[in-house]
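Me: I'm just starting to read protein structures, and I would like a close look at one part of this one. Could you pick out the charged pairs around one helix and then walk me through its surroundings?

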Amino acid sequence: MTRSTRPGFGPLIFFATAFALGIYFTFAAVQGDYGLFRRIEIAAEQEGLQKELDRQNQEIARMENLTHRLSDDYLDLDLLDQQARSVLGMLRADEIVIR
């Protein structure tokens, strides 16, 4: 009965496989489709889209205000005068245009 003192290939293969799997899953957790970098990218994109949404909501509120001020229920004569001047190019009789 002779017993070999050198280690077999079994433990070496086991640890090499475990190390390779650990490296693979670490890389996937950082660089993968659901990794940390992708999460940071999505958060930055969400922040940009939120700012765009806020800007669009402000524009909608401004347009609703202008629409309300020109409605039949509430007529703002100054706004009506401004719109007639800018859109239709109208002037009052006492004004002079310098080009």
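Reply: Happy to! Let's start with a charged pair: the side chains of Glu95 and Arg85 meet in a salt bridge, with 2.8 Å from N to O. This pair connects distant parts of the chain, since Arg85 sits in helix α3 and Glu95 in the segment after α3, ten residues apart. Please keep in mind that the model is predicted.

How open to the surroundings are these two side chains? Glu95 has a relative accessibility of 25%, so it counts as partly exposed. Arg85 also counts as partly exposed, because its relative accessibility is 26%. For both calls, the range for partly exposed lies between 20% and 50%.

Arg85 has another partner. It forms a salt bridge with Asp81, and here the closest N and O atoms are 3.0 Å apart. Arg85 and Asp81 are four residues apart in helix α3, so about one helical turn separates them. Why does that spacing suit a pair? An α-helix has 3.6 residues a turn, so residues three or four places apart point the same way. Asp81 is partly exposed too, because its relative accessibility is 33%. Put the two pairs together and you get a network of salt bridges linking Asp81, Arg85 and Glu95.

Now for the helix itself. Helix α3 covers residues 77-88, which makes twelve residues. At 1.5 Å a residue they should span 16 Å, and the end C-alpha atoms are 15 Å apart, so the two values agree. After the helix comes Gly89, whose phi is positive, near 70 degrees.

At the other end, look for Asp76, found in the loop between α2 (36-69) and α3. Asp76 caps the N-terminal end of α3: one of its side-chain oxygens lies 3.3 Å from the backbone nitrogen of Asp78. The side chain of Asp76 also makes a polar contact of 2.6 Å with the side chain of Arg69. Is Asp76 buried or exposed? Its relative accessibility is 16%, so Asp76 counts as buried; the cut-off for buried is under 20%.

The same loop also holds Leu70. Because its relative accessibility is 35%, Leu70 counts as partly exposed. Leu70 belongs to a nonpolar surface patch of about 360 Å², which it makes with Leu75, Leu77 and Leu80. If you colour those four leucines in your viewer, you can find the patch for yourself.

Finally, here is a pair to set beside Arg85 and Asp81. In helix α2, Glu47 and Lys51 lie four residues apart, about one turn of the helix. Their side chains meet in a salt bridge, at 3.7 Å from N to O. Glu47 is partly exposed, because its relative accessible area is 47%. Lys51 is exposed, because its relative accessible area is 56%, and the cut-off for exposed is over 50%. A search of the whole structure finds seven salt bridges, including the pairs we have visited: Glu95 with Arg85, Arg85 with Asp81, and Glu47 with Lys51.

Terms used. Residues numbered from 1 in each chain as written. Predicted model: local features only at pLDDT ≥ 70, side-chain atom pairs only at ≥ 80, totals over all residues. Heavy atoms only, no water. Helix = DSSP H or I, 4+ residues; strand = E, 2+ residues; numbered from the N terminus. Expected span 1.5 Å × (residues − 1). Polar contact = N/O pair within 3.5 Å; in protein donor to acceptor, adjacent residues only side chain to side chain. Buried < 20%, exposed > 50% of the residue type's maximum accessible area, 1.4 Å probe, protein only. Patch = residues over 30% accessible without salt bridge, like charges linked within 9 Å, V, L, I, M, F, W, Y side chains within 5 Å. Areas by Shrake-Rupley, 256 points an atom, 1.4 Å probe, with all protein chains shown as cover.
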